[in-house]
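Visitor: I am new to this structure and would like to learn how to read it. Could you show me around?

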Amino acid sequence: MILSDGTLRELLGSGRIFLDPYDPELVQPASVDVRLGTEFRVMRNSRLTHIDPFEEQTKLMDTVSVPLGEVFVLHPGEFALGHTAETVGCPDDIVGVVNGKSSLGRLGLQVHATAGFIDPGFKGTVVLELSNVSNLPILLRTGMKVAQLVFQKLDKPAERPYGHPDLKSKYQNQAGATASKYNLNAP
């Protein structure tokens with residue numbers, strides 16, 4: 001069941017769904033808008049020949065910090081990691097889904113490739129997988145509304161929510177545009 005604006009305000013107000021900073025004006029009829037943070041990771045595609053997910057990715061991306069309200073240029077065909085300005089936390093009986101803002105999608109901006117899910121028990125900034133599928137550069141301003149979070153109630157609380165020691169949750173309490181840690185899955 002998708003949570004409505006009244007339920008969202010209640011759960012955000014009580015702290016059951018964590019959102020910091022929380023601005024009640026960002027609550028929509030069935031979602032909460034989130035804003036673009038100030039850190040980006042961009043590919044070093046001119047220096048590498050390939051990506052091996054089982055290797056630590058220290059040389060794959062450069063970190064770029066953009067002051068609040070200033071512009072990050074996402075060129076056509078470019079991929080970069082960004083993050084929400086807000087820290088998000090879900091209790092063990094609620095999941096979140098990240099969706100792009102339709103007005104930005106109509107300009108060619110995609111905000112996630114596959115990481116559009118916030119597990120029950122997760123807490124941290126949400127990393128955005130930013131892609132420009134248009135044929136013109138897109139100017140992204142830090143602090144702008146960039147995505148919306150939809151929350152859904154589970155049928156019962158998760159037995160092992162994200163962060164549970166058995167799960168080896170790699171991104172719990174992440175801050176900023178956190179790079180891939182897939183290499184930690186290596187056999």
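Guide: Happily; we will go from the overall fold to the salt bridges, keeping in mind that this is a predicted model.

Visitor: Let me begin with the fold. How many helices and strands does the protein have?

Guide: There are 2 helices and 12 strands. Following the sequence, you meet them in the order α-β-β-β-β-β-β-β-α-β-β-β-β-β.

Visitor: What radius of gyration does the protein have, and what would a compact globule have?

Guide: A compact globule of 187 residues would have a radius of gyration near 16 Å, and the protein, with 17 Å, agrees with that. Its C-alpha trace spans about 50 × 40 × 25 Å along the principal axes.

Visitor: Which share of the residues is buried?

Guide: Buried residues, meaning those under 20% relative accessible area, account for 39% of the 187. As for the outside, the protein exposes about 10,200 Å², and 52% of that comes from carbon and sulfur atoms.

Visitor: And how do contacts run along the chain?

Guide: Take the contacts between residues at least 6 apart in sequence: 75% of them join residues at least 24 apart.

Visitor: Now the charges, please. How far apart are the mean positions of the positive and negative charges?

Guide: The protein has 18 positive and 21 negative charges, and their mean positions lie 2 Å apart.

Visitor: How should I read a salt bridge?

Guide: Side chains of opposite charge can pair when their charged atoms come close. Here the count comes to 6 salt bridges. One of them joins the side chains of Asp 33 and Lys 101, at 2.9 Å from N to O. Asp 33 sits in strand E2, while Lys 101 lies in the loop between strand E7 and helix H2, so the pair links parts of the chain 68 residues apart.

Visitor: Are Asp 33 and Lys 101 buried or exposed?

Guide: Both are buried.

Visitor: Which residue does Glu 86 meet in a salt bridge?

Guide: Its partner is Arg 35, at 2.7 Å from N to O. This pair links strand E6, home of Glu 86, with strand E2, home of Arg 35, across 51 residues. Glu 86 is buried, with a relative accessible area of 0%.

Visitor: Where do Asp 62 and Arg 44 lie?

Guide: Asp 62 is in strand E4, and Arg 44 is in the loop between strands E3 and E4, 18 residues apart. Their side chains form a salt bridge of 2.5 Å, N to O. Asp 62 counts as partly exposed, at 25% relative accessibility.

Visitor: Which residues are joined into one network by salt bridges that share partners?

Guide: Those are Arg 16, Asp 93 and Lys 153.

Conventions: Residues are numbered from 1 along each chain as its sequence is written. This is a predicted model: local features need pLDDT of at least 70, side-chain atom pairs count only at pLDDT 80 or more; totals for chains, interfaces and linings use all residues. Side-chain values use heavy atoms; hydrogens and water are left out. Helices (H or I, at least four residues) and strands (E, at least two) are DSSP runs, numbered from the N terminus. The radius of gyration is taken over C-alpha atoms; the globule rule is 2.2 Å times the number of residues to the power 0.38. Buried means under 20% relative accessible area, exposed over 50%, partly exposed in between (1.4 Å probe, protein chains only). Contact means heavy atoms within 4.5 Å. Accessible areas come from the Shrake-Rupley method with a 1.4 Å probe; for residues, only the protein chains shown count as cover. Lys and Arg count as positive and Asp and Glu as negative; His and the chain ends are not counted. The place of a charge is taken as NZ of Lys, CZ of Arg, CG of Asp or CD of Glu. A salt bridge is a side-chain nitrogen of Lys or Arg within 4 Å of a carboxyl oxygen of Asp or Glu.
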